[in-house]
Amino acid sequence: MKRSLALGLCVSLLAMPVMATEKDTLKARQDRLSNELEESKKAQAETDAELEITEAERDAVKTEIHVVDDRLNELSEQIAIQQHEVDTARAELESTRQQLSVQEEYLESQKELVNERLRVLQVHEDTSYLQVVFESRSFGDFVTRAMTARTIAEQDRELIHNYLSEMERLESLESTQRTQLSFVKQKERELVITKQDLDRTAEKKRDLLVELNEQVEQLELEKMTRSEEQAVMAEQNRIISEQLEAIATAEREAAEAAERAKREAEARAAEERAQAEAEARESEVEEAPEVTAPTETPTNVSTSTGFVRPVSGYVSSPFGPRDNPLTGVPEIHKGIDLVNASGTPIVSSAPGVVIKAAPATGYGNVVFVSHVINGEIWTTVYAHLNAITVGAGQQVAAGQTVGTLGNTGWSTGPHLHFELHRGKWAPGQPNAINPAPYIGY
């Protein structure tokens, strides 16, 4: 009886340092997790502010593009009107040139006649009246001849004057129309140049809008990712708190058990001393057997470090450097891809607690499981699932189904993306290690 009580006391005393060590480890990790969670929240606040500014800038550019497009439409209409004016002016100029050409041709054909008339008027203007007088047979005939000669002379002068006036008018009209045509063409060129400048401005604005849209999309993705990261870290923090509470409870129970064992041992020792004294009085001395601390491993500490394979199949993409199959950009693959038929059951690789079971950016349908093995935290990730069969906070055993294989999220075909993290899952997956050796690949 004495040996059993002593052994129980020793076991309790040995278990307490183990739990204290595990408690210190969990507490340190919880503190780091809380700090990283705060940093993530600060980063998200910065992302939100940058997103708000970028969206405002994008909206301003959209407004500017609308203004430029309206101005371009207005210029297009003005250019169309100006082109019509140019066509009209060109047609009028061509018509005037044709009239001028006709007049020139007619004048050329009458040139000899006009020149002869001019010579007659110039040389014989004064003698024509004497000729009319001498050749008249009577006074009446004289008057008639004189009036006829004057009429002919006046008609010749009028004819010549009209020709010259018409030529002058047409030449003046042609000059005016050339000037007008030059003016409207210059105006058209100015409008075209203005439109070309606006076209270039609009193109730059549209390029800027595309860039801003990409920035907004990236910031929204970053915001979404931050939110998911914080949710995972908060759940990990909750689980660690529960583990710390369980350890604290176990420590209290161990301390109480140790205190009870100590009291029982002291009572037994007192009883044995009393019995020994009684026996001594009878000259019989009994030596108490030596009690030694056990060397075996405490039964409440797990020694298992193995992980079961989450799904059978071949590895299509190992852990490490690769080109992203979707973007072609070089990256570090933080897990391994196991290919099998869609709908194949996916099992938990070790006993643990589900910290997330929902869609996530990139991962698609994903399950995160937190494990405590020999006082050390591990995290496994099961991504691109077709269906999820567990919920956050659920306890799972090794080999228990958590979902089915699928092709959700950023995936190019049915497969399981499996990650193993020595510690908690964190943004950027800094704790990811190659899971292949742990699951037999």
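This is a chat between a visitor and a guide about the predicted model shown above.

Visitor: Hi! How many helices and strands are there in the protein chain?
Guide: Welcome! The protein chain has 4 helices and 12 strands. Please keep in mind that this is a predicted model.

Visitor: And what share of the residues is buried?
Guide: Of the 441 residues in the protein chain, 33% are buried.

Visitor: What about contacts between residues 24 or more positions apart?
Guide: Such pairs account for 72% of the contacts in the protein chain with a separation of 6 or more.

Visitor: Let's talk pockets. How much space lies in the largest pocket?
Guide: About 1,000 Å³. The largest pocket is lined by 42 residues, and the closest to its centre are Asn-324, Glu-331, Gly-362, Trp-410 and Gln-429.

Visitor: Which element gives the most to that lining?
Guide: Helix α4 does, with 8 residues in the lining of the largest pocket. Several strands also supply at least two residues each, among them β1 (314–317), β3 (330–333) and β6 (352–360).

Visitor: How does the lining of the largest pocket divide by class?
Guide: There are 17 polar, 15 nonpolar and 10 charged residues in it.

Visitor: Okay, now cavities. How many of 30 Å³ or more does a search of the whole structure find?
Guide: The search finds 1 cavity of that kind, with a volume of about 30 Å³.

Visitor: Which residues line it?
Guide: The lining of the cavity consists of Gln-236, Ile-239, Ile-240, Gln-243, Ser-370 and Ile-377. By class, 3 of the lining residues are nonpolar, 3 are polar and none is charged.

Visitor: Where does most of that lining come from?
Guide: Helix α4, which covers residues 139–281, gives the most to the cavity lining, with 4 residues.

Visitor: Can you pick out one residue in α4 for me?
Guide: Sure, take Val-210, which lies in helix α4. Val-210 has 46% relative accessibility, so it counts as partly exposed.

Visitor: How far is the C-alpha atom of Val-210 from that of Arg-58?
Guide: Those two C-alpha atoms are separated by 9.1 Å, while the residues are 152 apart along the chain.

Visitor: New topic: aromatic rings. How many aromatic pairs turn up?
Guide: A search of the whole structure finds 6. One of them joins Phe-368 and Trp-425, with ring centres 5.3 Å apart and planes at 85°, so this pair is edge-to-face.

Visitor: Why does that pair tie together separate parts of the sequence?
Guide: Phe-368 is in strand β7 (residues 364–373) and Trp-425 is in the loop between β11 and β12, so the pair ties together parts that are 57 residues apart in sequence.

Visitor: Are Phe-368 and Trp-425 buried or exposed?
Guide: Both are buried.

Visitor: Which rings form a cluster?
Guide: Phe-307, Trp-378 and Tyr-438 do, linked by ring pairs. There is also a charge over a ring to look at: Arg-309 lies over the face of Tyr-441, at 4.0 Å from the ring centre.

Visitor: One last stop: where does His-421 lie?
Guide: His-421 lies in strand β11. Its relative accessible area is 0%, so His-421 counts as buried.

Visitor: What is His-421 in contact with, leaving aside neighbours within four places in sequence?
Guide: Its contacts there are Ile-377, Trp-378, Thr-379, Val-381, Gln-429, Asn-431 and Ala-432. You have met some of these names already: Ile-377 is in the cavity lining, Trp-378 is in the ring cluster, and Gln-429 is among the residues closest to the centre of the largest pocket.

Definitions and conventions:
Residues are numbered from 1 along each chain as its sequence is written. This is a predicted model: local features need pLDDT of at least 70, side-chain atom pairs count only at pLDDT 80 or more; totals for chains, interfaces and linings use all residues. Side-chain values use heavy atoms; hydrogens and water are left out. On a 1 Å grid over the protein atoms alone, a cavity is a set of points where a 1.4 Å probe fits but cannot get out, and a pocket is an open set with protein on both sides within 12 Å along at least five of seven lines; lining residues have an atom within 4 Å of a point. Grid points are joined across faces, edges and corners, and a volume is the space filled by probe spheres set on the points. Ala, Val, Leu, Ile, Met, Phe, Trp, Tyr, Cys and Pro count as nonpolar, Asp, Glu, Lys and Arg as charged, and the others, Gly among them, as polar. Buried means under 20% relative accessible area, exposed over 50%, partly exposed in between (1.4 Å probe, protein chains only). Rings of Phe, Tyr and Trp (its six-membered ring) pair if their centres lie within 6.5 Å; planes under 30 degrees apart count as stacked, over 60 as edge-to-face and the rest as tilted. A charge sits over a ring if NZ of Lys or CZ of Arg is within 6 Å of the ring centre and within 35 degrees of the ring normal. Contact means heavy atoms within 4.5 Å.
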